[in-house]
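Okay, thanks everyone, let's get going. I'll put the model up and then walk through a few spots in it.

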Amino acid sequence: MIAKYRVAVRALCDFTAREGDLDHRFTPAPSAREGIEGHTLVASRRGADYIAELPLTGAFEGLTVTGRADGYDPVANRLEEVKTHRGSLERMADNQRALHWAQVKVYGALLCAERALEHTTLTLVYLDIASGKETLISREATADELQAFFVEQCQRFLAWAEQEAGHRQDRNSGLQTLRFPHAAFRPGQRELAEDVYKAASTGRCLLAQAPTGIGKTMGTLFPMLSAMPRQQLDRIAFLTMKTPGRRLALDALATLCTSDETLPLRVLELVAREKACEYPDRACHGESCPLAAGFYDRLPAARQAAVDQGWLDRDGVREVALAHDVCPYYLGQELARWADVIVGDVNHWFDSHALLHGLAQANDWRTAVLVDEAHNLIERARGMYSAELDQQRFNRVRRAAPKPLSRPLGRLARQWQTVIRDAGIEEQGEPRRPAYRLLTALPDKLVTAAQQVGAAITDHLGEHPEDASLELQEVLFEALAFCRLAEHFGEHSLCDLTRYGRGRAVLGLRNLIPADFLAPRFKAAHTSVLFSATLTPSHYYRDLLGLPENTVWREVASPFAARQLEVRIRSDISTRYRDRDASINPIVATMAQQYQRKPGHYLAFFSSFAYLEAALARFREAHPEVPVFSQTRGMPEAQREAFLARFAPGGEGIGFAVLGGAFAEGIDLPGDRLIGAFIATLGLPPFNDFNEALKARLAARFGQGDDYTYRIPGMIKVVQAAGRVIRSPEDRGVVVLMDDRFAQASVRALLPSWWSLGNPNP
C-alpha cells in the first residue's frame with residue numbers, strides 16, 4: 001500500500017483520461033462567471049430533492065479521491081456533470097468528451113459506493129450559454145462497471161501517486177536537515193530569515209523592509225524551505241516583478257541544491273508563452289505545430305523525465321520538451337502541478353486568471369508566497385485590474401466584420417459618439433493634444449453595447465470558426481476583459497475617456513485601490529512574505545495591497561554605515577515644472593563639480609526624458625571633456641545592456657537616466673562600477689486630473705490623499721535610485737539630492753534611517 005495520497009477527481013481524470021493533440025485554436029468558451037451562473041441555472045430547473053455540489057470521497061490502496069459532483073437527483077437516481085458551452089456541440093473534440101465521461105463515471109463510482117447503489121444514470125448536461133438550451137446525454141451504469149472504471153483510473157495513477165508520496169517524504173526529510181549554504185549569514189540576513197520562519201510557523205503575512213546587499217533572496221528562500229516540512233507546505237511560489245529577479249532566485253536555489261546534492265527538490269521556472277514558443281509563426285494546434293500534435297500522448301513520458309530531472313529552469317524544461325517532442329510552454333504549465341518551488345512573475349498568483357492561485361484552490365494546497373521587490377506590487381496590480389476599450393480598433397473591425405456582426409458593432413459605434421458628446425469632447429477636427437475627461441460613472445449603455453458585441457462575436461465564431469481573425473479575436477478579448485471588470489466597478493476604480501482625434505477615443509477603467517482584488521489572494525496563501533529595500537511607511541502597503549489585519553512589519557537594520565555614503569542636499573534648486581529651465585545650469589554645475597572632485601562612474605536621474613535631454617545638451621555644451629551617455633525613449637534590450645556595459649570597472653563617465661525607469665532599480669553595479677548618483681527630482685507623479693481624482697479617492701478611503709498619491713510613491717523611486725550606489729559593505733559613494741523639498745522634515749522622514757543627511761547645502 002502506498003503512503004497516503006489525495007487527489008481531486010478533476011486532477012485524476014486530467015492525468016489518466018487526456019489523449020491526442022494539444023489544441024488551443026480559438027473556440028468561444030464561457031467565462032468562469034458564466035460557468036458558475038450556468039451551473040446555478042441548471043440546478044434551479046431541477047426538483048426540490050436535487051442536490052447540487054454533492055461532496056464525494058473514495059479510496060483505493062492508500063489513494064484518496066475527492067470532489068464535488070455537479071448534481072444528483074435521488075428520486076430519478078441520476079448523477080449529472082454540467083458543462084457550459086458556446087456554439088455547436090458537434091465541434092467538441094472526442095478527447096474532450098471522453099474527459100467529461102471519465103469525470104462523471106468516477107463520480108458515479110464514488111456515489112454508488114457511498115450510497116450502496118446497484119446502478120445509477122450518468123448524464124452529461126451541456127448548457128448553451130447563449131440560448132439556455134440543455135443537451136442531455138445519458139447512459140445507464142452499474143455499480144460494478146463504475147467501480148471497475150474507478151479502479152482502472154486509480155491504477156493508472158497509482159505509480160505516479162506512489163512516486164509523489166515518496167518524493168514528498170524524501171523532500172521533507174531532506175529539508176528538515178537543510179543547512180545554510182554559506183559559512184555565515186550576512187549582517188541582517190539572519191534576522192530576516194528568523195522573521196520569515198516565524199511568519200511561516202504562524203501562518204501570517206510578513207512585510208519586510210531589508211536593505212540591498214544583505215542577501216534577501218537567500219534570506220527568504222532558506223527559512224521558507226526549512227519551514228516547508230514542519231508546516232506541511234505543498235508549494236512555495238517565489239514571485240518577481242522582472243526577469244532578473246527570477247535569475248537571482250534560481251541562483252539561490254541552485255546554491256542550496258548544490259550544497260546538499262541529496263536534496264530532492266523540484267524547482268520550476270515559469271516563462272511567458274512568447275518566450276517559450278518554439279514556432280511563433282504557427283498556430284497552437286496539432287494540424288499546424290508539430291509540438292502540439294499528439295501532445296497528450298507524449299506528455300506522460302515527458303512529465304516523468306521532467307520530475308526525474310528536478311531542475312526545471314527555462315533551459316531545463318525546453319531540453320525535456322524537445323527530447324519528447326512536446327510544447328515547452330504547456331509542459332511547464334503541467335509541471336506547475338508537481339514542482340515544489342515555482343519561480344515566476346507576480347501575475348501567476350495575483351492576476352484574475354492566475355495559474356498558481358487556480359491550482360492552489362483546485363487542489364487545496366498550503367502555499368507560501370514570496371514576493372520580491374514588493375514595492376512594485378501596487379502599480380503592477382493596478383494594471384492587472386484595469387482595462388480599456390479602443391474606439392479605433394472597434395471601428396476598424398466593424399468595416400471588415402462578417403455581416404451578422406454589423407448591427408451590434410453599429411450600436412457600439414453610436415454609443416461611442418454619445419459618450420464623447422456627453423463628455424464635452426467635440427468630434428470636429430484633430431485636437432492639438434489628447435482631450436481627457438474623468439467620467440462620474442460608467443457609461444452603462446456603452447458597456448451594454450460592448451457586452452452585446454462580445455456575445456455576438458462569441459456566438460458567431462462558435463458557428464463560424466473560420467472567421468476567427470487575429471484582429472476579431474483581439475477585439476473580443478478586449479470587450480470581455482473590460483466588461484468583466486465593469487461588473488465589479490466600485491470605489492476602488494474610476495472611468496476616464498481620452499480622445500486622440502476623430503474616431504480615436506479610449507475608454508479606460510482604471511483600478512486605483514488594488515486591495516479589494518488582492519485581499520482574497522493573500523487570504524488564500526498559508527503565508528505571504530513581501531520584501532524590498534523600500535517598504536516605508538508600512539501603512540501605505542497595508543492599505544493599498546489589502547494585507548491581513550495581523551500582518552507583521554519588520555525593518556532589518558542596514559549593514560551599511562553612514563560613512564559609506566555621502567548624502568548632500570542642494571536646497572537652493574527647485575525642480576518643479578515651472579522652474580525647470582532655471583534649474584538646468586545649477587544642476588549641470590553641481591554634477592561637474594562632483595565629477596571633477598572625484599572622477600568615476602555616476603548616474604544622473606531626471607523626472608522625464610524632456611528634462612533629461614535638456615540637461616544632457618547643456619552638460620555636453622559646458623563640459624565636452626566628460627564622457628556622457630543616455631537612456632533613450634523606448635530603449636530596446638540590446639541598447640539597455642550596452643548602457644550598463646559602459647559601467648566597467650575602472651571607467652569614468654555619467655549616465656543620464658529617467659527616475660523610475662529601467663536603470664533606477666533592479667541593477668547591480670558594485671565597487672567602482674558606480675560611485676555616485678545625482679537625483680534632480682522628487683519623483684512626484686504629475687499633477688493632473690487623474691492623479692487629483694486618485695488623491696480624492698485615497699483621501700476618502702484612507703485619509704491619506706496627498707501622501708499616498710504623490711509624496712510616498714515619489715520618494716520610493718528616489719530611494720530605489722539612490723540604492724544603486726551602495727551594494728556591499730565595501731562600497732563607498734555619494735548621492736546628491738537636488739531640490740529644496742528634500743530639506744523638508746516630512747520628506748526626509750521617508751529616506752533611509754542609516755543615511756547621514758546633515759544640514760542641507762544652500
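So, a quick one to start: is Tyr330 buried or exposed? It's buried, with a relative accessible area of 12%. And keep in mind as we go that this is a predicted model.

Let me stay with the aromatics for a bit. There are 26 aromatic pairs in the structure. Tyr330 pairs with Tyr329: the ring centres are 4.8 Å apart and the planes sit at 80 degrees, so that one is edge-to-face. Tyr329 counts as buried too, at 16% relative accessibility.

Now set that against Phe643 and Phe663. Here the centres are 4.2 Å apart but the planes make 25 degrees, so this pair is stacked. The two rings come from distant parts of the chain: Phe643 belongs to helix α23, residues 637-645, while Phe663 is in the loop between β22 (653-658) and β23 (676-679), and they are 20 residues apart. Both Phe643 and Phe663 are buried.

There's also a cluster. Ring pairs link up Tyr5, Phe15, Phe157, Trp160 and Trp338. Trp160 has a charge over it as well: the charged end of Arg303 sits over the ring, 5.4 Å from the centre. Another case of that sort is Arg139, which lies over the face of Trp101 at 3.7 Å from the ring centre.

Okay, on to a sheet. This one is open, with four strands in the order β13-β16-β15-β14 and antiparallel pairing. Which strands stand at the edges? That's β13 (387-390) and β14 (435-439); each has a single partner strand, so one side of each has no neighbour in the sheet. From one strand to the next, the twist averages 20 degrees. In the middle of the order, β15 (residues 493-499) and β16 (residues 505-511) run antiparallel and are joined by seven bridges. If you want one to click on, Cys495 has Leu509 in β16 as its bridge partner. Then there's helix α18, residues 470-486, packing on the sheet, where it touches β13 and β16. The direction of α18 makes about 130 degrees with that of β13.

Next, a helix pair. The axes of α24 and helix α25 (residues 705-722) come within 6 Å and cross at roughly 135 degrees. That makes α24 oblique to α25. On the α24 side the contacting residues include Leu694, Leu698 and Phe702, and on the α25 side they include Tyr708, Thr709 and Tyr710.

Tyr710 comes up again with Leu684, which is in the loop between β23 and α24 (689-702). Leaving out neighbours within four places in sequence, Leu684 is in contact with Tyr710, Arg711, Gly714 and Arg741. Leu684 counts as partly exposed, at 33% relative accessibility. To get a feel for the scale, Leu684 and Lys105 are 579 residues apart in sequence and 61 Å apart in space, C-alpha to C-alpha.

And Lys105 takes us to the last stop, Phe149 in helix α4, residues 143-176. What does Phe149 touch, not counting residues up to four places away in sequence? Ala102, Lys105 and Val106. Phe149 counts as buried, at 14% relative accessibility. From there to Leu750 is 601 residues along the chain, and the two C-alpha atoms are separated by 65 Å.

That's my tour, over to you.

Methods:
Residues numbered from 1 in each chain as written. Predicted model: local features only at pLDDT ≥ 70, side-chain atom pairs only at ≥ 80, totals over all residues. Heavy atoms only, no water. Pairing = 2+ DSSP bridges. Helix = DSSP H or I, 4+ residues; strand = E, 2+ residues; numbered from the N terminus. Axes fitted to C-alpha atoms, helices over the stretch in contact; angles between N-to-C directions. Contact = heavy atoms within 4.5 Å. Phe/Tyr/Trp six-rings, centres within 6.5 Å; stacked < 30°, edge-to-face > 60°. Buried < 20%, exposed > 50% of the residue type's maximum accessible area, 1.4 Å probe, protein only. Lys NZ or Arg CZ within 6 Å of the ring centre and 35° of its normal. Parallel < 35°, antiparallel > 145°, perpendicular 65-115°, else oblique.
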